[in-house]
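Open the model in your viewer and keep the selection panel at hand. The stops below say what to select next and what is there.

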Amino acid sequence: MSKHQPAQRLAQFLPYQLSIASNAVSTRIAEQYRKRFALKTTEWRIMAVLGDHGALTQRQLSQQTLMDKVPVNRACKRLEERGLVQRSPNASDGRSHMLELTAEGHAVHAGIMPLALKIEEQLFSVLSEEERASLLDMLTRVRDQAGDFDAESLAD
């Protein structure tokens with residue numbers, strides 16, 4: 001058995017295969033983010049969500065990324081220290097803060113997106129356009145079927 005071939009049972013277990021594929025793709029992309037922008041995977045995911053959605057609370061970031069609140073908190077602090085994210089009071093809930101990209105954060109986000117799209121093209125070049133569309137549709141349906149999660153339940 002090669003180092004990339006799991007035991008037969010795992011090879012047929014779809015959740016395992018999804019996890020391995022996700023980790024492989026994330027790792028490949030994270031190498032580039034780390035080299036070019038000094039960002040860790042968690043930091044980039046937070047920047048990507050903030051870039052797409054605008055200001056969010058840390059709890060909302062945990063929900064959007066399906067990451068535990070502790071790594072989200074650490075990543076937000078690092079991004080804030082680097083001047084890529086700013087924190088402001090949450091007008092609708094005084095117990096939390098809103099986080100949003102700064103001008104510099106938007107500039108980094110804009111610089112990363114072309115790189116992300118290039119890597120995506122390389123990784124998925126083994127699929128036809130129809131296969132890509134089908135994969136995206138299937139993944140969306142599986143994610144929807146998994147349901148929603150409370151950010152508090154995401155800890156290991």
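Select L14, L18, L139 and V142 in this predicted model. Together these residues form a nonpolar patch of about 340 Å² on the surface. Two helices, α2 (14-37) and α7 (129-146), each give two or more residues to the nonpolar patch.

Keep L139 selected, and colour helix α7, where L139 lies. Is L139 buried or exposed? The answer is in between: L139 has a relative accessible area of 39%, so it counts as partly exposed.

L139 also leads to the next stop, the largest pocket. Add S22, V25, S26 and R45 to the selection; with L139, they are the lining residues nearest the centre of the largest pocket. The full lining has 38 residues, and the volume of the pocket is about 2100 Å³. For a picture of how such a space is found, rolling a probe the size of a water molecule over the atoms shows where empty space is left.

Which elements supply the lining of the largest pocket? Colour α2, α3 (41-53), α4 (58-65), α6 (103-123) and α7, since each of these helices supplies at least two lining residues. The greatest contribution comes from α2, with 13 residues. Now colour the lining of the largest pocket by class: 23 residues are nonpolar, ten are polar and five are charged.

Next, zoom out to the whole chain. In a cartoon view, look for seven helices and two strands. Following the sequence, the order of elements is α-α-α-α-α-β-β-α-α. The C-alpha atoms fill a box of roughly 50 × 35 × 30 Å along the principal axes. If you colour by burial, 28% of the 156 residues in the chain are buried.

The last stops are salt bridges. Side chains of opposite charge can pair when their charged atoms come close. The count for this model is six salt bridges, and three pairs are visited here, starting with one in α2.

Select R28 and E31, whose side chains meet in a salt bridge with an N to O distance of 2.8 Å. Both residues sit in helix α2, three residues apart, which is about one turn of the helix. R28 is partly exposed, because its relative accessibility is 44%. E31 is partly exposed as well, because its relative accessible area is 27%.

Now select E43 and R78. Their closest N and O atoms are 2.3 Å apart, and the two residues form a salt bridge. Where in the chain do E43 and R78 lie? E43 is in helix α3 and R78 is in helix α5 (residues 69-81), so this pair, 35 residues apart, links distant parts of the chain. Turn on the surface and check each partner: E43 counts as buried because its relative accessibility is 4%, while R78, at 27%, counts as partly exposed.

Finally, select R95 and D93. These residues also form a salt bridge, with the closest N and O atoms 3.0 Å apart. With the surface still on, compare the two partners: R95 is exposed, with a relative accessible area of 74%, and D93 is partly exposed, with a relative accessible area of 24%.

Methods
Residues numbered from 1 in each chain as written. Predicted model: local features only at pLDDT ≥ 70, side-chain atom pairs only at ≥ 80, totals over all residues. Heavy atoms only, no water. Patch = residues over 30% accessible without salt bridge, like charges linked within 9 Å, V, L, I, M, F, W, Y side chains within 5 Å. Areas by Shrake-Rupley, 256 points an atom, 1.4 Å probe, with all protein chains shown as cover. Salt bridge = Lys/Arg side-chain N within 4 Å of Asp/Glu carboxyl O. Helix = DSSP H or I, 4+ residues; strand = E, 2+ residues; numbered from the N terminus. Buried < 20%, exposed > 50% of the residue type's maximum accessible area, 1.4 Å probe, protein only. 1 Å grid on protein atoms, 1.4 Å probe; cavity = no way out; pocket = protein on both sides within 12 Å on 5 of 7 lines; lining within 4 Å. Points joined across faces, edges and corners; volume = space filled by probe spheres on them. Nonpolar A, V, L, I, M, F, W, Y, C, P; charged D, E, K, R; others polar.
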